[in-house]
Structure formats: structure tokens, C-alpha cells
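Here is a walk through a two-chain structure, starting from its interior and working outwards. Keep the viewer open as you read.

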Amino acid sequence: MQISMTVNGDEITRESEPRVLLVHFIRDELRLTGTHWGCDTSNCGTCVVLMDGVPVKSCTVLAAMADGHAITTVEGLATGTTLDPVQQGFMEEHGLQCGFCTPGMMLTARALLDRNPHPDDTEIREAISGQICRCTGYATIVRSVKWAAEHPAVEENAEEEVTA
Amino acid sequence: MTITETHAPNPAAGDADRPIGYGRIQRKEDPRFVRGKGHYVDDIVLPGMLHGAILRSPVAHARLVSIDTTRALAHPGVVAVITGKDLLGLKLAWAPTLSADVQAVLVTDKVRFQGQEVAFVIAEDRYAARDALELIDVDYDVLTPVVDARHALDPGAPVIRDEIEGRTDNHIFDWEAGNAAETDAVFASADVIVKQEIVYPRSHPAPMETCGAVADFEPIEGALTLYETSQAPHAHRTLFAIVSGIPEHKIRIVSPDIGGGFGNKVGIYPGYILAVVGSIVTGRPVKWVEDRSENLMSTSFARDYIMQGEIAATKDGKILAVRTNVLADHGAFNATAQPTKYPAGFFHIFTGSYDLQAAHCKVTGVYTNKAPGGVAYACSFRVTEAVLLVERMVDMLAQKLEMDPAELRLKNLIKPEQFPYKNKTGWEYDSGNYERAMRLSMEIAGYDDLRREQKEKRARGELMGIGISFFTETVGAGPRKHMDIVGLGMADGAELRIHPTGKAVVRISVQSQGQGHETTFAQIVAEEIGIPPEDIDVVHGDTDQTPFGLGTYGSRSTPVSGAAVALVARKVREKAKFIAAAMLETRPEDLEWEKGRWFVKGDPSVGKTMAEIAMGAHGTVALPEGIDGNLDAEVTYDPPNLTFPFGAYICVVDVDPGTGHVKVRRFIAVDDCGTRINPMIIEGQVHGGLTDGVGMALMQFIGFDEAGNNLGGSFMDYLIPTSMEVPNWETGFTVTPSPHHPIGAKGVGESATVGSPPAILNAVVDALSPLGVTHMDIPCTPARVWAAMQGRATPPI
């Protein structure tokens, strides 16, 4: 079947089997390998991408279900050479070690900050609670997200001023 | 309480905030990871690449009657199906393990654990390969399994390894350390003896990235390139050469970015071998990546020790001796990865951090119908089990003597002046100041206040617990004269080249799985020769690009490879002195070193920086005799002893009296890993290990039913801590450098995994002690805690 979606701002159309999972579509068809696969049961969240701005586990979404939607993967977080504050925060606060869960964690963090620019520790922990990190023990991820909240990108500042 | 540390900046750097050498710097590897540009095995796509999938046994113990692959072969996209019979023809049906046993690559005669490899399908894409697994018809004649290690040695127990001629039981080894007679004598005259069976259940490291490989065999050259999830690429290359017959110089192992290892990626699994066989058979590259259930059910498990512990003391709390008998469940094949002389790993450091008169342990290893493995989860070769045993026994002794567990420990810890300390089972602890770490941990915790709070809460019927663990690790294996894995000495190499413009590349034999080697090892070089870390490239994970060495596990990277890197840098620095002397037309002995440059004694303005010396070395400077025209060096480091990091941990838990649910409210970890290279990375290592500790103490558990079915085969059942189960860690540190290590560093990768489970368990038992509970086994799941509260035996799950 033919599947069309917007991925990181680009319109794409591909032929695909109806049963293909979104995670495999992204990795194998689009060769965007920053999205990872980690379990068979939708528990680990290393496959998280944003669908219309909302975090979804792409191992539990068929590519066909994403037809007509906008997908953001880790490759779409930075703007050119400018990193998203979340990406910068993870580097500043050692929010990653092996890097495998990191793309999913950062996308969830971005979605959280988009709806709640100043989350507290509990809100951050709740936001990432569907995702597993085996390396960091989560505290530095919480710090990374807070760093991003405290260092919003310039455009975000402008938007905040408008909405305020 | 926050502890910060600073390092004197290098005046030559021109930036006081940026240390050249040790100190907190951002990781050099992070920019690619945060952009999603990490490069893991499953990201590799080669032209013409096929995909493999493994059919696994649904039963734990069964004769293989027949396999019919006809329907699978006819499935669209399927290129080949390989069975055990095919491998017999290639003499690859069995492969040697890391413990002088063999393991079936594919079943030929009998299935020995649930999830064992039965057949390998190779297809054009991963979906077709998986589809075809369903089309293989296998007929099993199911046998009674041996599930409980306690019954493995029963007369009449089914013999699991009946393919070994003459074998009539499931016994693997008996191993002892310490002195039984001396220990018995001390026990015979002791005022107080406490005994307890302590079970460290089967667990699994479960890295986020499962194991996988891409094999690419090139038939004209007879050359194999194998991309695989490996913590030990060089050792794997040698073993692949021995097993496959492909000459070692024709094998290249590449271990790219690794999505967590924790010991899971030390062994050589059938899947890796099958990918290689598949590539040879089809003439095309073959990728195999296991799924999560395959990872949890078939690759290296950890722990599975049933320990009969005993501790002897005087009535006023002087600990005299410990002894234990251990039953070790090794699964269906003895595949533990540990130094050859030590079948129970370094378990014999179970004497812990205490000054004892005697100690003795005996460990018996047995086969069961479970997955093979055994040393595979950040355990420092079984130090996890040792620390759980001794720290639980010390707590039980405190409870019996009605002494505060902190006070009892302080009374018995080895004193600073006793180092180097020879314990009663053959270790020589290199250095330590245990009391200082214990007191710092108590200070950060506010220990006395916590005890007061607990007293008030107990009066109200609330279940608050405070648990302590003081651990001593033994890591950095190890001296070649004592330690090898399948005959390969446990040394590591390093090569350093300074390019003409003063930029450098250091090549190392260990392999990061997230520990940040690209940063830490650059910092070690930077500290020694003054070239900034950003100008030093760290190359690892490719056997064609790096010197030989045994890899990363048992917290050995910094103790062994870190030493190699420091020494190779010193060699370069020394060579640089001779070249600088030639450039300055002076004698080498007239030069003095400051970080980054050699200068003339008494005239600091006259000197040469490393970059200038590097250009000189590669340029036209007339070099002294015996100095060749480069600024390169290489070393192989053979450690004189292991290193002994230690720490004092305190955990505070609240137990819900209505549900048995345990909440870890606070966790204080004071670690001493000797010289600290990058405090940020050290803290990260500790945090990760503490989280593993919460998992092991409260959640993670691979159980089996009576038929040998694995009950922890997915993340639905094998529960791993999320952000909601762990607190904000509180860390502190002391620094007691290792006297025998070139930079005094001891390693920290597994300290917290080793040290934290007993602190949590001791806290849970402490919380339940008003109800008469003296012990329970981990994991302290709500059901188990509830049972303990009711005075019932611990339920199996």
C-alpha cells in the first residue's frame, strides 16, 4: 500500500506492506536510524517519536496508521546546526551514556516542554516514566530537561512573549 | 550536602574553566548521540545483506526427534534454513564456552533450556525470516527438566549433559577458598553465631540494545568482517579464529556504538556464529538481531547463587569469621565469563570490608535446564553475591546483638593503617580509609536524625527502614600470572601517536558500552602530556585499528586500559624530552616538565610545547641517537594487583503496611574509586548502578515454573526501574588512590551495582523488624514483603 506522511518537515510517500511497524518504516525505509527498537511489548520507549507533536511508541504504531500525520524523529530536533535546548541539556547534564534510549527521551522531553515550559521534577519523571534507561538512573535526565527549560531557544522566548 | 571538586586549570590552556586533563568536561561522544547519529549494529546495512532469525525451543528439556524445513524453504524471500545437522557437517554444531565447556550452536541431540537455538532462517528481509520460523516443523520428545538447583545433584535426577561420555550427574565443579579448619575452630569458640540461607536470584542485565551481528564473509580473500555487539572484540576475534578455522589475520571484528552492555555482551552467542555461517553459506552479508524475549531468555543470565551464610562474633560485637556453602546454578552449559582459575569468580572477597580472623567458602556449580551464563551483570565477577552475603550477615548479627548496624560496622572495618591488607582468602586490598567513607555517608544521610524519625514512626505503626551496605570491590582483572580467559592473559594495550601538528590519536583495546571512553581516555592522555582532550581522538572497537586486549567488563577499563594509556603517554612525554633537548640544543636532564611543555630549568621562557616537539620529531630536527622520527609509543599493561574501590551506602525506605509496597525514599552513596578522572562520568556510573540495585532488590527476577518455562521473558514480566521507582540520588566521595596504579585510579563502573542491593534489602528488613522479620530474599516485591509481614515463607515470585 502507499503511505504518505510528513517526517521532520519533509513530505514522503512510500510503498509498504500494511503490517510494517512505524519503527521499521522509519529505520529501514527512510534510513533514519536514530529511532531505536528495544522491546516487543511497548514497555521500553526507545522507539518514541512524535506524531503530531505527541509522543508515541513507534513499535506499537503501524506505518499505515501514521498516513497523513506529521512525524518528528530525533533527526528533526535540531534546526540546521543549532541544537534543540533539550539536546544541549542532555550534553550539559550527562543525560545520556550509551545513547540508545536518548532519542526517545529527548522527544518526550520536547513534547513536555512544549505543553509545560517549566515542569517540576515530578512532572518530568512522570513524562518519561514510560521509557527505560539502563545507564543513567534518570536523575541526570531530569536535570537535562530542567536545563532545557531554563535555556529555551530564542524563538520560544518570542512565542512565550506573544502568548503572554 | 553537595560536594564539588575542582582541579587546578592548566595555565597554558588560556581558559581557566576548561581543565586540561582531569575534571568535569562534557563527553566527546555526545554530539553524535544527541543528533541520533550513534552507529549501532542494527543501523548497519551492507549491499545485498540478508536477515537471519532463530527458531527457539518452546520447551526446556526434550529429545529432538525431527526437524522439517521444507515449508520454510518454500516461503517467499527465504534463502536458506540451517539446522544442527548442517552444522555437524561443518564441525560447528558445538562451540567452546569461556569456561572450558561447550555450548550447542544449534540443537543436534537434545534441547537443554527453553529458548535454546534450534534452527536459523536466512531471508531477504526480517519479516520474511520471522514468517518462516512459523513454518519449520519440529518434533520434540519432552523430558523431565531439572529446574531447582537444589535437586540437580539428587540421585536419579535427569542427566542434562548426557552427550558427554561417562557423565552420570549434573555436577560441574567444587571450589574452595580460605581455611576450613581454622574457620571451624573460630566458630567453635565464638560467643555468637548467626546463620541464614540467602538467595541471590537469577537476574539479567537487559541492556536497551539487544545482542546482534552483521557478518560479511568475502570468499576470494577468505576474509571475515563481523560487526557485533561485543564488549571484548579482540578476545572474540581470537576465539572466532579458533572455532571457525578462519585465520586470525583474516578476521576483523568491529564493535560499533554499543547500546549498553553490563556484561551481556561479553560472551559469544550462537546468533553471532550463525550470522557468520549464514554469510559463508549464502555468499552475502547476514544480519542477526535478537528480539527482547530472545535476549532475556537465551543470553547470559546473572547471579543464581543459593548461599548458606554464617557469621561468628564476640558478644560485644567483634566479628571473628564468616563461612558459606554456595550452590551455584550455571544453567545448561557452563558458559560463565571469568578468569580460568576462579570458577566462582571473585566471590571469595565475601570477607567484605572487615578485619577477620578466619574465613572459608565452598562453591558447588551445577547444571540445570536453564539458559547458560552466570557472570553477566555488572557484578565484578561475583562480587555482587559476595557483598550481599556479608552485608546481610553483618546486619543480622547487629539485629541479634541489638547493636546499631552502623556502629557494628565501624567497630569492625579494616583500619587505614592496615593497608595493604591481606584478607583470609588470598586478596591483598590495595588501599582504603573505610571509616572516613562510612562517617561521610552517615553525615550526608543525617543518620542519627533518621533513627530518631524511625523511632517516632514505629511508635505510630509506620514501617520505615534504614539500611546500610559497606562494600569492597575487587576489579581491574588482572595480573597475567593469575588471570586469563580461555588462555588469554588479562592485559590491555594502548598506542599513542602525536601527529606533526600536535593533535593525537590513542588506540585502546577496551570497548565502551556507554562509559564514555572517548572522553575519559582522552583526559588521561591530556593530563599526562598537556594536549587538550578535544585534540585527542580515542579509537576503539575495531580489531584492525587497535592493539590487542581483553575488553571491557569487571570494571577493568580504567584500572587496566587506563593504566596502559597513562603509561603510553608518559613514554611519549619522555621521548618528547629528548627531542625538545635536541631542538633547544641542551641536555635532556636540563629540562623540566610542566603540563604541555618541556622547558629549561631555571629559564621557563625557553621551552618547547608538545605541538612544537611533534613538528620537530616529524620535521628536520637532527635527532639524538636512538630516537626515531616520530612521537609515537605503545605499551601493554599487565596489572601487578587488582584495585579495590569501596563505598558506604545508606538507603531509606518506607513500606506500605497495607500493600507491602516498598518506596525507596532516599539513597546516599559515598564512593571511593581512587583518583577521579571525570567526576560527571563517575557520578553517572554510580547513578546507573544504584538503579540496577533498586531493580535487583525490588523488581528484577528471572523465575521459572516447574516445567522450566522462563517467567521473566519480556519487559511485561521482567520489571526494570523507571523514573518513578528511583529517588534523586545523593552522592559523595572520598579519594584514596591505588598505590600500585600509575594514576591511582581504581574503577567505578560496577561499584553501585555491587554495593546497593544489600543496602536496600537491609532497609526493607529493618522496616519489617518490628514484625519479627529477620530476613527475606530479594526481590522484595509487594507479594513477598506482604508474605514476610505475615510470617510466611517467601513465595517463589
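In this predicted model, the largest nonpolar core holds 304 residues, and the members that touch the most other members are B:Val121, B:Val525, B:Val565, B:Ile760 and B:Val764. Helix 14 of chain B is the top contributor to this core, giving 16 residues. In soluble globular proteins, nonpolar side chains tend to be buried together.

Take B:Val121 and look at what surrounds it. Leaving out residues up to four places away in sequence, B:Val121 touches B:Gly52, B:Ala53, B:Leu55, B:Ala72, B:Val78, B:Val81, B:Ala129, B:Ala132 and B:Leu133.

Now zoom out to the whole of chain B. It is built from 18 helices and 33 strands, and 60% of its 797 residues count as buried. The C-alpha atoms of chain B fill a box of roughly 80 × 75 × 50 Å along the principal axes. How does the radius of gyration of chain B sit with that of a compact globule? For 797 residues such a globule would come out near 28 Å, and chain B has 27 Å, which agrees. Contacts in chain B also reach a long way along the sequence: among those between residues at least 6 apart, 79% join residues at least 24 apart.

The domain assignment cuts chain B into three pieces: domain 1 (11-34 + 491-637), domain 2 (41-143 + 210-258 + 265-298) and domain 3 (301-477 + 641-789). The C-alpha centres of domain 1 of chain B and domain 3 of chain B are 38 Å apart. Where they meet, 19 residues of domain 1 of chain B are in contact with 23 residues of domain 3 of chain B. On the domain 1 side of that contact, helix 13 (517-529) and helix 14 (557-584) of chain B each supply at least two residues. Helix 14 of chain B has the largest share there, with 7 residues, and as noted above it also gives the most to the core. Sorted by class, this side of domain 1 of chain B has 8 nonpolar, 9 polar and 2 charged residues.

Helix 10 of chain B (residues 405-412) is a nice one to look at end-on. Its buried residues are B:Pro405, B:Ala406, B:Leu408, B:Arg409 and B:Asn412. Seen down the axis of helix 10 of chain B, these buried residues fall within an arc of 160°, so they line one face of the helix. An α-helix has 3.6 residues a turn, so residues three or four places apart point the same way. The cover over the buried residues of helix 10 of chain B includes strand 16 (319-329), helix 9 (383-401), helix 11 (434-445), helix 12 (447-459) and strand 21 (463-472) of chain B.

What about the contact between the chains? It takes 39 residues from chain B and 39 residues from chain A. On the chain B side, the elements giving two or more residues are helix 1 (30-34), helix 8 (292-298) and helix 16 (679-699) of chain B. Helix 16 of chain B gives the most, with 6 residues. By class, the side of chain B that touches chain A has 14 nonpolar, 17 polar and 8 charged residues.

Just past helix 16 there is a glycine to pick out: B:Gly713 lies in the loop between helix 16 and strand 33 (730-733) of chain B. Buried or exposed, with 21 C-beta neighbours inside 10 Å? B:Gly713 counts as buried, because the cut-off is 20 or more. Beyond four places in sequence, B:Gly713 touches B:Ser293, B:Leu296 and B:Met297.

Finally, a few backbone oddities, listed with their angles and places.

| Site | Backbone feature | Place |
|---|---|---|
| B:Ala477 to B:Gly478 | cis, omega about -20° | B:Gly478: loop between strand 21 and strand 22 (484-485) of chain B |
| B:Ile778 to B:Pro779 | cis, omega near -5° | B:Pro779: loop between helix 17 (751-768) and helix 18 (782-789) of chain B |
| A:Asn8 | positive phi, about 50° | loop between strand 1 (2-7) and strand 2 (10-15) of chain A |
| A:Asp52 | positive phi, near 55° | loop between strand 3 (48-51) and strand 4 (54-57) of chain A |

As for the two chain A residues, A:Asn8 counts as partly exposed with 18 C-beta neighbours inside 10 Å, while A:Asp52, with 12 inside 10 Å, counts as exposed.

Notes
Residues are numbered from 1 along each chain as its sequence is written. Chains are lettered from A and ligands numbered from 1 in the order in which they are written. This is a predicted model: local features need pLDDT of at least 70, side-chain atom pairs count only at pLDDT 80 or more; totals for chains, interfaces and linings use all residues. Two residues are in contact if their C-beta atoms, placed from the backbone, lie within 7 Å. Helices (H or I, at least four residues) and strands (E, at least two) are DSSP runs, numbered from the N terminus. Ala, Val, Leu, Ile, Met, Phe, Trp, Tyr, Cys and Pro count as nonpolar, Asp, Glu, Lys and Arg as charged, and the others, Gly among them, as polar. Domain bounds come from an automatic or database domain assignment. The arc is that of the directions from the helix axis to the C-beta atoms. A nonpolar core is a set of buried Ala, Val, Leu, Ile, Met, Phe, Trp, Tyr and Cys residues joined through C-beta atoms within 7 Å. The radius of gyration is taken over C-alpha atoms; the globule rule is 2.2 Å times the number of residues to the power 0.38.
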